[in-house]
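Got your viewer open and a selection tool ready? Let's take a walk through the model, one stop at a time.

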Amino acid sequence: MTIRYTAPAVATALLAVAGAAQADDLTLCWAAWDPANALIELSKDFEEKSGHSMSFEFVPWPNFADRMLNELNSGGQLCDLMIGDSQWIGLGAEAGHYVKLNDFFDANGITMDDFIPATVTGYSEWPKGTPNYWALPAFGDVVGWTYRKDWFERPELQAEFQEKYGRELKAPETLDELKDIAEFFQNRDIDGTTVYGAAIYTERGSEGITMGVTNALYNYGFSYGTPEEPYKLEGVVNSPEAAKGLEYYKALYDCCTPPGSSDWYMSEDIDAYKSGQVALQMNFAFIWPGVEADPNVGGGKSGYFPNPAGPDGHFAQLGGQGISVVSYSDSQDAALEYIKWFAQPEVQSKWWELGGYSALKAVVEDPGFATSQPYAQTFLDSMAIVKDFWAEPSYASLLLSMQDRVHSYVVAGEGTAQEALDKLVEDWTEVFEDEGKM
């Protein structure tokens, strides 16, 4: 179901000044989640200053890609502005869905040098590694971890963990340490309640398990091609090291997750953590403001750490999105005004204060940023190690194959990790051969 929000109209006097003929009603399309509510609040300033009115089409995450990609592929005019997922940038550029922004940026003094490099690559560039920009970085996000700091600090648990593992019970730095902690808490009694180790991504229908398992795969040597051969799959996607990474994720699922968590993604992980079911939660960083504000787990009860390192790397799955002007819009000039307004440092600073994750260097490199929130330093550390899924125009086919192959192995227990990745290479090879890229 689509959830539609309309921001309050600006005052009649302001509209009169702007001139009715110049005022447009812009619709911004995004996912339905907490940051979208913050954007409604932020955008009131744009309405007041521009005379344009804003409407918002927000779709729940499980349906977001299908709904919005269908809208774009049909040439629909619902959306003037699209905060599209990072993986859509290739399709948006090559299919003509997005307006190329280079000339607009140049004319208005907007430079991508002012944004976190990983977000420019992830959200704006196509082809990757070239100065061709189709979006402004809008919301920096990355998979990280939340943990019950109050449980970790209990003296009796500290002593028991020290005796068993020979080290302090604290936020893990490696994937092996994370698994030890998850095993330590699995089926443990905390204040008369049985709790579990970790809530991780296992959802099959959209992108969930892929956004989870990559946090292990990347750190065991898995990669999307090589710098010299961007579509080299054999021995890279399905290397023996990558197979060990997939085995690790299955082991974590088997040993240390709550019963019934075979199809969990962001909302299920949030619910499990806030209700006190788990000691650790894998999730995108966007949830952290809500964790801090929660009466059960906020206010110092929770801690945050980046995705831990593995034996062959230290990466985390990139999330987040850029904001683009939809080429089918009849209000492109007004939409570009919104982009210009949103790029201002004072607006980006307010965006962070409201719970949005700014990618502007002037915000995140401010001396006070790291201590502005309990999770701010973890956000910075995490954004320094990001890697993203394919952003190819065929990303949807590539994603469906990975969802199927890894879920069948991790959750359903079918075959071996090596067989799952071998089949994934076959699937992806077929996609790229059909496109003439292999």
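Start with two strands side by side: β2 and strand β3 (residues 53-59) pair in the parallel sense over 7 bridges. Keep in mind as you click around that this is a predicted model.

Now select residues 25-31, which make up strand β2. Of its 7 residues, 6 are buried, so β2 is largely enclosed by the rest of the structure. Add residues 34-50, helix α2, to the selection: β2, α2 and β3 make a right-handed β-α-β unit. Then bring in residues 81-85, strand β4, which pairs with β2 in the parallel sense over 2 bridges. To see one spot along that pairing, show Cys29, which stands opposite Met82 in β4.

Next, show Trp30. Which residue in β3 is its bridge partner? That's Phe58. Trp30 also touches a list of residues beyond its sequence neighbours (up to four places away aren't counted), including Pro35, Ala36, Leu39, Ile83, Phe139 and Trp351.

Zoom out for the nonpolar core. The largest one has 153 residues, and the members touching the most others are Leu28, Trp30, Phe342 and Trp428. Colour domain 1 (25-140 + 320-387) and domain 2 (143-318 + 391-435): the core draws at least three residues from each. As background, nonpolar side chains tend to be buried together in soluble globular proteins.

Now for some charged pairs. The structure holds 13 salt bridges, and we'll visit a few.

- Select Asp191 and Arg154. Their closest N and O atoms are 2.8 Å apart, in a salt bridge. Asp191 lies in the loop between β6 (188-190) and β7 (193-199), and Arg154 in the loop between α7 (149-152) and α8 (155-165), so this pair ties together parts 37 residues apart in sequence. Is Asp191 buried or exposed? Exposed, at 62% relative accessibility.
- Move to Arg188 and Glu160, whose side chains meet in a salt bridge (2.9 Å, N to O). Arg188 lies in strand β6 and Glu160 in helix α8, so the pair ties together parts 28 residues apart in sequence. Arg188 is buried, with a relative accessible area of 16%, whereas Glu160 is partly exposed at 36%.
- Then pick Asp180 and Arg167, another salt bridge (3.1 Å, N to O). Asp180 lies in helix α9 (residues 175-185) and Arg167 in the loop between α8 and α9, so parts 13 residues apart in sequence are tied together. Arg167 counts as partly exposed, at 23% relative accessibility.

For a last stop, select Glu392, Glu435 and Lys437, which are joined into one network by salt bridges that share partners.

Definitions and conventions
Residues are numbered from 1 along each chain as its sequence is written. This is a predicted model: local features need pLDDT of at least 70, side-chain atom pairs count only at pLDDT 80 or more; totals for chains, interfaces and linings use all residues. Side-chain values use heavy atoms; hydrogens and water are left out. Buried means under 20% relative accessible area, exposed over 50%, partly exposed in between (1.4 Å probe, protein chains only). Helices (H or I, at least four residues) and strands (E, at least two) are DSSP runs, numbered from the N terminus. Two strands pair if DSSP finds at least two bridges between them. A crossover is right-handed if, with the strands pointing away from the viewer, the path from the first strand over the helix to the second runs clockwise. A nonpolar core is a set of buried Ala, Val, Leu, Ile, Met, Phe, Trp, Tyr and Cys residues joined through side-chain atoms within 4.5 Å. Domain bounds come from an automatic or database domain assignment. Contact means heavy atoms within 4.5 Å. A salt bridge is a side-chain nitrogen of Lys or Arg within 4 Å of a carboxyl oxygen of Asp or Glu.
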